[in-house]
Amino acid sequence: MRTLLDLILPQACGGCGVVGTGWCASCAGCLAGPPRRVRPRTDPGVPCWALGPYSGPPRRAVLAAKERGRRDLAAPLGLALARGLDGLRSRDRPLLLVPAPSRRVAARRRGGDPVARAARVATGWLSDSRCAPVLATRPGVRDSVGLGPLDRRRNLRDGIRATGDSLLALLRCPNVEVVLVDDVLTTGATARESVRALARAGVSAHGVLVTCAA
Ligand SMILES: [Zn+2]
């Protein structure tokens, strides 16, 4: 089936477009370094880390996963997240990954939620870890694409909530390490509102890891 599909539609790298592979070694290298500390304009109040820049192959890959339905990119993007988390996490505590929420309609239109999918892939590579998708945007929150920093904050203010009793109970356990994961961090507004929504539900986030940061 794969071979047949390849004949009809040659696979192109989600980062650079080279034909013959969905994700090439060179693009993988762009996300393979140790995560770098980033400081967004809107401070989420916890340390933020990024695997790569919001430019070049990493940017094209997250946009392909988000806007063009490239579900296959969840595997390499999830592996890159796992490698980054492996260097950041505390060894002696269970790691819980909370995917940042995407507006539900937007996620549906894009063929699922790529952030949650990559987070689940990451937990498959990490010991003693679990994905806890508890965050959702409230109705009325617009897609933030095209909004400036102030409008983003206004749009998102109290626009994210945490739901799901059993996962929230797990996230509140005192010995767990909770990391928010997202594909892109630009102004920091989504990360800040996500951390606040978790705090309102009694959950302390320890940090934020994103694939790309501006
Ligand atoms: Zn490539």
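Here are some notes on this predicted model, going from the zinc site through the cysteines and the cores to the charged pairs.

1. **The zinc site.** Start with the metal. Four cysteines hold the zinc ion through their SG atoms: Cys-13, Cys-16, Cys-24 and Cys-27, lying 2.3 Å from it. If you want to pick them out in the sequence, look for the spacing C-x2-C-x7-C-x2-C. The angles that the four donor atoms subtend around the zinc ion run from 104 to 117°, so the arrangement is tetrahedral. For reference, the ideal angle for four tetrahedral donors is 109.5 degrees.

2. **Buried or exposed at the zinc?** Two of the donors can be compared with the burial cut-offs. Cys-24 has 12% relative accessibility, so it counts as buried. Cys-16 comes out at 40% relative accessibility and therefore counts as partly exposed.

3. **Disulfides.** How many disulfides are there? The count comes to zero. Take Cys-131, which is in no disulfide: the nearest cysteine sulfur belongs to Cys-173 and is 16 Å away. A disulfide would need the two sulfur atoms within 2.5 Å. Cys-131 is also buried, at a relative accessible area of 11%.

4. **The largest core.** Which residues have the most contacts inside the largest nonpolar core? They are Val-98, Val-134, Leu-135, Leu-171, Leu-185 and Val-208, in a core of 31 residues. The elements giving two or more residues to this core are a mix of strands and helices: on the strand side E2 (48–53), E3 (95–99), E7 (177–185) and E8 (207–213), and on the helix side H8 (165–171) and H9 (189–200). Helix H9 provides the largest share, five residues.

5. **Leu-135 and a second core.** Leu-135 is a good residue to click on if you want to look around inside that core. Leaving out residues up to four places away in sequence, Leu-135 touches Val-98, Pro-99, Pro-101, Ile-160, Arg-161, Ala-162, Leu-180, Ser-194, Ala-197 and Leu-198. Apart from the largest core lies another one, of 26 residues, including Leu-73, Ala-82, Ala-122 and Leu-126.

6. **Two aspartates with positive phi.** Most residues other than glycine have a negative phi. Asp-128 has a positive phi of about 45° without being a glycine. Asp-128 sits in the loop between helix H6 (114–125) and strand E4 (129–131), and it counts as exposed at 51% relative accessibility. The other case is Asp-158, whose phi is positive at about 55°, again at a residue that is not a glycine. Asp-158 is in the loop between helix H7 (149–156) and strand E6 (160–162). With 34% relative accessibility, Asp-158 counts as partly exposed.

7. **Salt bridges, two pairs to look at.** Side chains of opposite charge can pair when their charged atoms come close. The count here comes to six salt bridges. One of them joins the side chains of Arg-70 and Asp-72, at 2.7 Å from N to O. Arg-70 counts as buried at 18% relative accessibility, while Asp-72 is partly exposed at 31%. Another is the Asp-86 to Arg-91 bridge, where the closest N and O atoms are 3.2 Å apart. Asp-86 counts as partly exposed at 35% relative accessibility, and Arg-91 is exposed, with a relative accessible area of 59%.

8. **The pair in H9 and its network.** Helix H9 comes up again here. Arg-196 and Glu-193 both lie in H9, three residues apart, or about one turn of the helix. Their side chains meet in a salt bridge at 3.0 Å, N to O. Is Glu-193 buried or exposed? Glu-193 has 4% relative accessibility, so it counts as buried. Arg-196 is partly exposed, with a relative accessible area of 31%. The pair also belongs to a network of salt bridges that links Asp-158, Glu-193, Arg-196 and Arg-200. That brings back Asp-158, the loop residue with a positive phi of about 55°.

How values were computed: Residues numbered from 1 in each chain as written. Predicted model: local features only at pLDDT ≥ 70, side-chain atom pairs only at ≥ 80, totals over all residues. Heavy atoms only, no water. Core = buried A, V, L, I, M, F, W, Y, C linked by side-chain atoms within 4.5 Å. Buried < 20%, exposed > 50% of the residue type's maximum accessible area, 1.4 Å probe, protein only. Helix = DSSP H or I, 4+ residues; strand = E, 2+ residues; numbered from the N terminus. Contact = heavy atoms within 4.5 Å. Donors = N, O, S within 2.8 Å, 3.2 Å for Na, K, Ca; no water. Tetrahedral: all angles 85-135°; square planar, octahedral: opposite > 155°, others 65-115°. Salt bridge = Lys/Arg side-chain N within 4 Å of Asp/Glu carboxyl O.
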